[in-house]
Amino acid sequence: MSQIESLLHEDRAFPPTAEFKSAARISDPAEYAEMYRESILDPEAFWGRMARELPWMVDFDKVLDWSDAPFARWFEGGKLNASAACLDQHLEGPRAHKTAIRWEGEPGDVREFTYTELHAEVSRCANALKARGTKKGDRVAIYMPMVPELAVAVLACARIGAAHSVIFGGFSSKALRDRIQDGDCSTVICADGGWRRGKILPLKREVDAALEGIDSVHTVLVVRRTEQEVAWFKERDTWYHEALAAADAECAPEPMDSEDLLFLLYTSGSTGKPKGIMHTTGGYMVGAYLSARFVFDLREDDVYWCSADIGWITGHSYIVYGPLSNGATVVMYEGAPTTPHPGRFWEICEKHKVTVFYTAPTAIRTFMRLGEEHPEKFDLSRLRLLGSVGEAINPEAWIWYRRVIGGDRCPIVDTWWQTETGSIMITPLPGVHDTPPGSAMRPFFGVDAVILDEAGAELPANQGGLLCIKKPWPSMLRGIWGDEQRYRDTYWSEIPGVYFAGDGARRDEQGNFWIMGRVDDVINVSGHRLSTMEVESALVSHPKVCEAAVVARPDEITGQAISAFVTVGADVEVSDELRVELGEHVTQEIGKLARPREMRFTDALPKTRSGKIMRRLLRDVAAGTETSGDTSTIEDLSVLAKLRGDEI
Ligand code: WT7
């Protein structure tokens with residue numbers, strides 16, 4: 001039984017305003033339909049043409065070679081440098097002195113780089129790396145706070161043809177060490193520290209600990225950010241500012257083969273050792289460029305802000321490579337969303353005149369909980385488009401986002417994709433689609449998405465099943481670093497010949513996709529397979545609830561029973577009556593079957609550092625068993641301890 005029952009029903013849909021449509025890159029449904037049709041029926045023509053919008057140093061001979069599936073080769077024969085696509089191509093025309101990055105630190109300091117300035121900084125950094133022996137074909141670990149030098153480091157690696165492996169600055173020295181070793185990195189770029197919630201993260205200290213006993217790393221380049229004392233290893237450590245001051249501001253970009261490795265990015269998955277996801281130059285750049293252009297509808301005068309960290313794929317594709325290859329002005333912010341005050345994000349939107357804003361549902365739900373009075377203090381009238389990524393956004397949060405942040409005028413693009421897919425896969429196009437709250441809508445150009453059962457048969461409308469991709473796409477992962485078999489097993493074996501990366505979804509009768517969550521999380525109550533996302537969404541639609549996670553608990557009678565973990569509003573009192581009230585609410589919203597058997601109230605849910613609820617940890621709590629599996633990616637371990645101790 002692979003099908004997932006869908007109980008959630010949504011009738012609302014919001015069209016883009018006439019004003020939005022009139023200026024959008026694509027607004028004519030017929031034009032969109034024709035582009036999508038071509039991208040599926042004649043992908044070589046479509047991708048060949050789109051790819052040639054990038055500044056290739058040598059044109060490619062062949063669009064796609066899929067003869068060695070599942071190992072795709074895109075744009076073979078072509079040579080491209082990703083940093084040149086982000087920088088050099090803009091220096092000839094009116095973008096030369098346009099702001100590329102406008103950065104704000106957590107303490108409120110602001111720095112700005114024009115494209116010309118960013119090009120010079122990146123070139124200096126590239127020369128500094130070369131001078132220390134870092135070369136084409138190396139891997140470079142980057143472990144930094146969200147400072148401009150992080151983007152510079154990424155682009156400098158791309159410039160000299162060394163693959164970067166960015167490791168999120170919140171990871172421990174142990175996680176850092178594992179990733180440095182797995183990638184066999186020659187170089188580390190880090191900072192002395194970073195600001196987070198008013199405190200200093202001692203990043204250099206973590207690097208020192210991570211490198212103990214590792215001799216593959218010959219250079220550690222250290223950005224000075226927080227200026228605390230750091231230990232210094234003369235042979236290995238160099239200050240970034242000193243190295244760059246001594247370096248030339250011209251560095252010819254290395255001509256890279258289309259299939260040369262651009263970066264590794266580790267994704268943990270739910271179990272097992274982190275996977276080094278491989279992305280290569282040409283295909284990845286085409287995907288990042290094109291999706292940023294159309295999904296965010298980027299225009300010359302936009303000020304675009306994606307609040308993710310560059311340590312995640314979202315930051316790679318939609319802070320660095322996508323927007324910069326489009327010549328956009330990108331806002332970058334160092335700190336936490338609520339430091340020093342709950343309106344911090346909205347203050348940044350007002351101050352930097354942000355027009356396009358991209359964030360995660362977990363952040364949106366936090367802001368909902370904090371109250372509307374915070375965004376209301378700021379002028380958000382320049383916003384014209386909002387985006388969401390990382391998890392399913394429940395309709396309640398979607399509507400709040402649209403009304404309170406988007407002033408009921410901004411379209412919302414709910415974008416579904418993965419570290420592995422490299423760029424956005426399922427999304428509305430903001431000028432074309434009327435968007436129902438909670439749907440990621442349509443496959444992007446070239447994406448042949450289907451809903452299959454376990455035997456590989458396509459399911460009819462509204463039946464939940466496995467979300468699969470039938471055709472290769474340019475920005476798809478090229479493998480898992482050092483583990484070819486795991487790549488085949490993880491993504492291509494559930495249904496042979498088809499990409500499946502673990503999510504369930506349904507497609508409605510209009511062709512819109514609704515993501516239902518990870519299939520590993522599906523709950524089986526008396527033979528009915530229910531999506532966690534739908535039950536959670538029903539809970540969150542109750543006005544007293546801010547966030548909810550549901551998991552399966554073994555049950556003698558029904559096989560599995562639903563256990564709910566619920567966070568309520570700051571001023572809501574928890575009681576048994578509330579439990580009953582919420583249970584009834586779920587019954588009303590989606591049916592008796594989905595009514596949680598038990599419910600616990602909690603101040604916080606265990607999340608990964610990128611904001612995803614870790615349901616597998618909650619499963620152990622619900623079942624009353626020991627925590628099993630890896631907890632290294634959890635943001636705050638005390639949340640889990642609390643859940644185990646203070647049940648009410
Ligand atoms: C998983 C991928 C994609 C960048 C950030 C996360 C979930 C992502 C959505 C969405 C529902 C979503 C999926 C996916 N996910 N976006 N719009 N609606 N679920 O990258 O860490 O590789 O995670 O995030 O479960 O498989 P990632």
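Me: Which residues in H17 meet residues in H18?
Reply: From H17 come Glu-534, Val-535, Ala-538 and Leu-539, and these meet Leu-582, His-585, Val-586, Glu-589 and Ile-590 in H18. Sorted by class, the residues of this contact divide into six nonpolar, one polar and two charged. Please keep in mind throughout that the model is predicted.

Me: How should I read the geometry of such a pair, and at what angle do the axes of H17 and H18 cross?
Reply: In general, two packed helices are described by the angle between their axes together with the distance between the axes. Here the axes of H17 (residues 532–540) and H18 (residues 576–590) come within 9 Å and cross at roughly 120°. Because angles from 65 to 115 degrees count as roughly perpendicular and those over 145 as roughly antiparallel, H17 and H18 are oblique to each other. As for the hand of the crossing, H17 passes H18 in a right-handed one.

Me: How do H13 and H15 lie with respect to each other, and which residues make the contact?
Reply: The axes of H13 (residues 361–370) and H15 (residues 395–405) come within 10 Å and cross at roughly 70°, which makes H13 roughly perpendicular to H15. On the side of H13 the contact is made by Ile-364, Arg-365, Phe-367 and Met-368, and on the side of H15 by Glu-396, Ala-397, Trp-400 and Tyr-401. The residues of this contact divide into six nonpolar and two charged, with no polar residue among them.

Me: What is the angle at which H5 and H6 pack, and is the crossing left-handed or right-handed?
Reply: H5 (residues 115–131) and H6 (residues 148–160) pack at an angle of about 65°, with their axes 8 Å apart, and H5 passes H6 in a right-handed crossing. The residues of H5 that meet H6 include Leu-118, Val-122, Cys-125, Ala-126 and Leu-129, while among those on H6 are Val-152, Leu-155, Ala-156 and Ile-160. Taken by class, the contact of H5 with H6 has eleven nonpolar, two polar and three charged residues.

Me: Turning to empty space, how many cavities of 30 Å³ or more does a search of the whole structure find?
Reply: The general idea is that rolling a probe the size of a water molecule over the atoms shows where empty space is left. In this structure the search finds six cavities of 30 Å³ or more, and about 60 Å³ of space lies in the largest cavity. The lining of that largest cavity includes Trp-47, Ser-291, Met-425, Phe-444, Phe-445, Trp-473 and Pro-474, and by class the lining has eight nonpolar and four polar residues but no charged ones.

Me: Finally, how should I read the backbone angles, and which peptide bond has omega near 5°?
Reply: As background, most residues other than glycine have a negative phi, and most peptide bonds are trans. The bond from Ala-69 to Pro-70 is cis, with omega near 5°, and Pro-70 has its place in the loop between strands E1 (62–65) and E2 (73–76). Thr-339 and Pro-340 are also joined by a cis peptide bond, whose omega is about 0°, and Pro-340 is found in the loop between strand E17 (329–333) and helix H12 (344–352).

Me: Where is Asp-184 placed, and what is its phi?
Reply: Although Asp-184 is not a glycine, it has a positive phi of about 50°, and its place is in the loop between helix H7 (173–183) and strand E8 (187–191).

Key: Residues are numbered from 1 along each chain as its sequence is written. This is a predicted model: local features need pLDDT of at least 70, side-chain atom pairs count only at pLDDT 80 or more; totals for chains, interfaces and linings use all residues. Side-chain values use heavy atoms; hydrogens and water are left out. Axes are lines fitted to C-alpha atoms, for helices over the stretch in contact, and angles run from 0 to 180 degrees between N-to-C directions. Helices (H or I, at least four residues) and strands (E, at least two) are DSSP runs, numbered from the N terminus. Angles under 35 degrees count as roughly parallel, over 145 as roughly antiparallel, 65 to 115 as roughly perpendicular and the rest as oblique. A crossing is left-handed if the near helix is turned anticlockwise from the far one by less than a right angle, and right-handed if clockwise. Contact means heavy atoms within 4.5 Å. Ala, Val, Leu, Ile, Met, Phe, Trp, Tyr, Cys and Pro count as nonpolar, Asp, Glu, Lys and Arg as charged, and the others, Gly among them, as polar. On a 1 Å grid over the protein atoms alone, a cavity is a set of points where a 1.4 Å probe fits but cannot get out, and a pocket is an open set with protein on both sides within 12 Å along at least five of seven lines; lining residues have an atom within 4 Å of a point. Grid points are joined across faces, edges and corners, and a volume is the space filled by probe spheres set on the points.
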